[in-house]
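Biologist: I have not seen this structure before. Please show it to me, and then I will ask about it piece by piece.

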Amino acid sequence: MGLQVGRLGAELGKSVVYQETNGETRVEIKESVRGQDIFIIQTIPRDVNTAVMELLIMAYALKTACARNIIGVIPYFPYSKQSKMRKRGSIVCKLLASMLAKAGLTHIITMDLHQKEIQGFFSFPVDNLRASPFLLQYIQEEIPNYRNAVIVAKSPDAAKRAQSYAERLRLGLAVIHGEAQCTELDMDDGRHSPPMVKNATVHPGLELPLMMAKEKPPITVVGDVGGRIAIIVDDIIDDVESFVAAADILKERGAYKIYVMATHGILSADAPRLIEESSVDEVVVTNTVPHEVQKLQCPKIKTVDISLILSEAIRRTHNGESMAYLFRNITVDD
């Protein structure tokens with residue numbers, strides 16, 4: 001937050017946000033906001049639900065105080081992994097989008113949504129900025145001999161992002177495929193009901209075709225990584241087991257150095273220790289999510305600062321300028 005405010009040469013608005021003794025969140029706006037554009041910068045720390053409630057209550061307080069526009073700057077949008085139907089679950093991301101609109105938000109600036117289609121959940125504009133230019137710059141400037149690298153997707157559903165990186169850097173591409181991975185796309189949709197009772201009647205017209213059970217082949221790496229630097233790219237690194245497993249496979253296939261690059265370094269639970277003990281040489285993430293504690297636990301974690309693009313997005317939004325410059329050379333797959 002301080003980085004963005006500093007770049008804009010602005011002062012923080014006067015407000016107080018605190019928890020009462022019973023756990024309720026209270027927000028007090030300490031100055032007039034009538035008729036103004038207000039930007040709420042909300043990074044999402046480990047206590048996600050408290051951060052969401054703070055954002056909702058702050059937005060509603062500003063709406064009540066007659067702010068003209070209330071723009072949420074949410075670098076990592078929470079619950080974005082719950083944007084597809086799973087069994088008898090729900091699409092929580094859609095619920096959160098509705099809650100933010102109801103609370104008074106009129107616009108959101110975010111970065112690298114987990115699924116780009118999430119923008120369609122909102123009834124107001126969403127600017128989905130990309131971190132790829134910053135991460136590509138890091139590869140070119142901070143990875144020695146990056147010309148001998150290969151971009152790796154740790155599962156087939158990450159292949160589009162990896163392909164986009166590989167094409168920008170004029171590098172080769174490798175995809176890990178097989179049974180060691182459990183990707184989001186493989187989870188049961190199912191909505192499993194209890195087994196049918198034997199005497200239950202089935203309409204003769206409802207004989208559905210039987211599907212072959214899905215079986216994953218043994219683990220394979222499609223693409224040559226022997227004697228190369230392997231750079232695994234993804235949007236979120238949280239549970240690191242799949243990244244660690246991918247690094248072990250790449251080491252077996254002859255990669256001599258392994259980097260992991262992602263926009264959002266959530267790095268929950270034991271992630272720093274697992275990275276430190278793994279064959280990953282460096283994990284590069286942006287500062288969309290606070291991860292200072294994790295960096296102290298694991299020196300392999302490096303940070304790329306993206307406050308420049310967020311502060312420029314705020315400035316352009318406030319001045320009514322085009323955002324096109326921030327999306328130059330960006331493709332849908334980034």
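Biologist: How many residue pairs are in polar contact across the interface of domain 1 and domain 2?

Modeller: Note that this is a predicted model. The domain assignment gives domain 1 as 1-129 and domain 2 as 132-180 + 217-304. The contact takes 12 residues from domain 1 and 12 residues from domain 2. Across that interface, with both residues at pLDDT 80 or more, the residue pairs in polar contact number four.

Biologist: Which three residues supply 48% of the area that domain 1 buries against domain 2?

Modeller: The area buried between domain 1 and domain 2 is about 1,100 Å², and carbon and sulfur atoms give 54% of it. On the domain 1 side, one set of three residues supplies more than any other three. Those residues are Arg-46, Tyr-76 and Asp-112.

Biologist: How many salt bridges does the rule find across the interface of domain 1 and domain 2?

Modeller: By class, the side of domain 1 that touches domain 2 has six nonpolar, three polar and three charged residues. Charged residues are therefore present on that side, but a salt bridge also needs a Lys or Arg nitrogen within 4 Å of a carboxyl oxygen of Asp or Glu. Across this interface the count of salt bridges is zero.

Biologist: Is Ser-279 buried or exposed?

Modeller: Ser-279 is found in the loop between α7 (271-277) and β12 (282-286). Beyond residues up to four places away in sequence, Ser-279 touches Ala-247, Asp-248, Lys-251 and Ile-258. Its relative accessible area is 18%, and the cut-off for burial is under 20%. Ser-279 therefore counts as buried.

Biologist: With which side chain does the side chain of Ser-279 make a polar contact?

Modeller: The residues that Ser-279 touches include Asp-248 and Lys-251. The polar contact has a distance of 2.9 Å. The partner is the side chain of Asp-248.

Biologist: Which side chains make a polar contact with the side chain of Asp-37?

Modeller: Asp-37 is in strand β3 (residues 37-41) and is buried, with a relative accessible area of 15%. Leaving aside neighbours within four places in sequence, Asp-37 is in contact with Arg-68, Asn-69, Ile-71 and His-318. One polar contact is 3.0 Å, to Asn-69, and another is 3.4 Å, to His-318. The side chains asked for are those of Asn-69 and His-318.

Biologist: Which residues of helix α5 are buried?

Modeller: Helix α5 covers residues 159-169. What covers its buried residues includes α4 (132-142), β7 (149-153), β8 (172-177) and β10 (229-237). The buried residues are Ala-159, Arg-161, Ala-162, Ser-164, Tyr-165, Ala-166 and Leu-169.

Biologist: Which residue with a positive phi follows α5?

Modeller: This residue is found in the loop between α5 and β8. Its phi is near 55°, a positive value in a residue other than glycine. It is exposed, with a relative accessible area of 66%. The residue is Arg-170.

Biologist: What is the phi of Asn-145?

Modeller: Asn-145 sits in the loop between α4 and β7. Asn-145 is exposed, with a relative accessible area of 51%. Its phi is positive, in a residue other than glycine, and is near 55°.

Biologist: How far apart along helix α7 are Glu-277 and Arg-273?

Modeller: The side chains of Glu-277 and Arg-273 meet in a salt bridge of 3.2 Å, N to O. Glu-277 is exposed, at 57% relative accessible area, while Arg-273 is partly exposed, at 39%. Both lie in α7, and their separation is about one turn of the helix, or four residues.

Biologist: Which residues are linked with Glu-312 in a network of salt bridges?

Modeller: Glu-312 forms a salt bridge with Arg-315, with the closest N and O atoms 2.8 Å apart. Because they are three residues apart in helix α9 (residues 307-319), about one helical turn separates them. Arg-315 is partly exposed, with a relative accessible area of 30%. The residues linked with Glu-312 in the network are Arg-315, Arg-316 and Glu-321.

Notes:
Residues numbered from 1 in each chain as written. Predicted model: local features only at pLDDT ≥ 70, side-chain atom pairs only at ≥ 80, totals over all residues. Heavy atoms only, no water. Domains from an automatic or database assignment. Contact = heavy atoms within 4.5 Å. Buried area = accessible area lost by both parts, 1.4 Å probe. Polar contact = N/O pair within 3.5 Å; in protein donor to acceptor, adjacent residues only side chain to side chain. Nonpolar A, V, L, I, M, F, W, Y, C, P; charged D, E, K, R; others polar. Helix = DSSP H or I, 4+ residues; strand = E, 2+ residues; numbered from the N terminus. Buried < 20%, exposed > 50% of the residue type's maximum accessible area, 1.4 Å probe, protein only.
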